[in-house]
Amino acid sequence: MDSDPKVLKDEGFNMFTVGQDFGKAVQALQTGLTALEGGSGSTPPWGDDDIGEKFGVVYEGLRDGMYQSMGSLAERLAGIGLAFTEMGVRHERNEGDEDAAWRDLTTKYDGQVEMVKGVHHERRRQDGEL
């Protein structure tokens, strides 16, 4: 896998920040709408007559669903950022471990391995490959 751990970590941090900023924006939207709606106990701006009540039922249902989904999205965006960051750290650690293992292996056996002699070796010698 060809990936850049620094990019994963940097973009993970950026995605986490987007999630946090989106969460703050959702909170500001909720606060603003609550202020516009008149708070608890007061008559809503759309009124409390028959049409106003029907509008309120639809509006409040959509509003509450929006609050839930937007809050969930903010959490998920931040979670994706954390996952990217962790992926970068793990990839970096894995690359270091694999590089160390490869260096250890090649240091042990470099120049010490001989090709096995046999039918295959004889055919390659006759074909001029060896």
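What pLDDT does the protein average, and what share of the residues score at least 70?

**View 1. Confidence across the predicted model.** Keep in mind that this is a predicted model. The protein averages a pLDDT of 85, and 84% of the residues score at least 70. Helix H1 (residues 5–37) is where confidence peaks, with a mean of 93. At the other end sits helix H3 (residues 119–126), where confidence is lowest, at a mean of 66. Where pLDDT is low, don't read the predicted coordinates in detail.

**View 2. H1 packed against H2.** Here's helix H1 alongside helix H2 (residues 50–109); the two pack at an angle of about 165°, and their axes are 7 Å apart. Angles over 145 degrees count as roughly antiparallel, so that's what H1 is to H2. The crossing of H1 and H2 is left-handed. As for who's in the contact of H1 with H2, the residues divide into 23 nonpolar, nine polar and four charged.

**View 3. Zooming in on the largest pocket.** The largest pocket has a volume of about 150 Å³. Its lining takes 12 residues, with Glu37, Ser42, Pro44, Trp46 and Glu60 nearest the centre. Helix H2 supplies the largest share of that lining, five residues. By type, the lining of the largest pocket splits into five charged, five polar and two nonpolar residues.

Methods
Residues numbered from 1 in each chain as written. Predicted model: local features only at pLDDT ≥ 70, side-chain atom pairs only at ≥ 80, totals over all residues. Heavy atoms only, no water. 1 Å grid on protein atoms, 1.4 Å probe; cavity = no way out; pocket = protein on both sides within 12 Å on 5 of 7 lines; lining within 4 Å. Points joined across faces, edges and corners; volume = space filled by probe spheres on them. Helix = DSSP H or I, 4+ residues; strand = E, 2+ residues; numbered from the N terminus. Nonpolar A, V, L, I, M, F, W, Y, C, P; charged D, E, K, R; others polar. Axes fitted to C-alpha atoms, helices over the stretch in contact; angles between N-to-C directions. Parallel < 35°, antiparallel > 145°, perpendicular 65-115°, else oblique. Left-handed = near helix turned anticlockwise from the far one by under 90°. pLDDT = per-residue confidence, 0-100.
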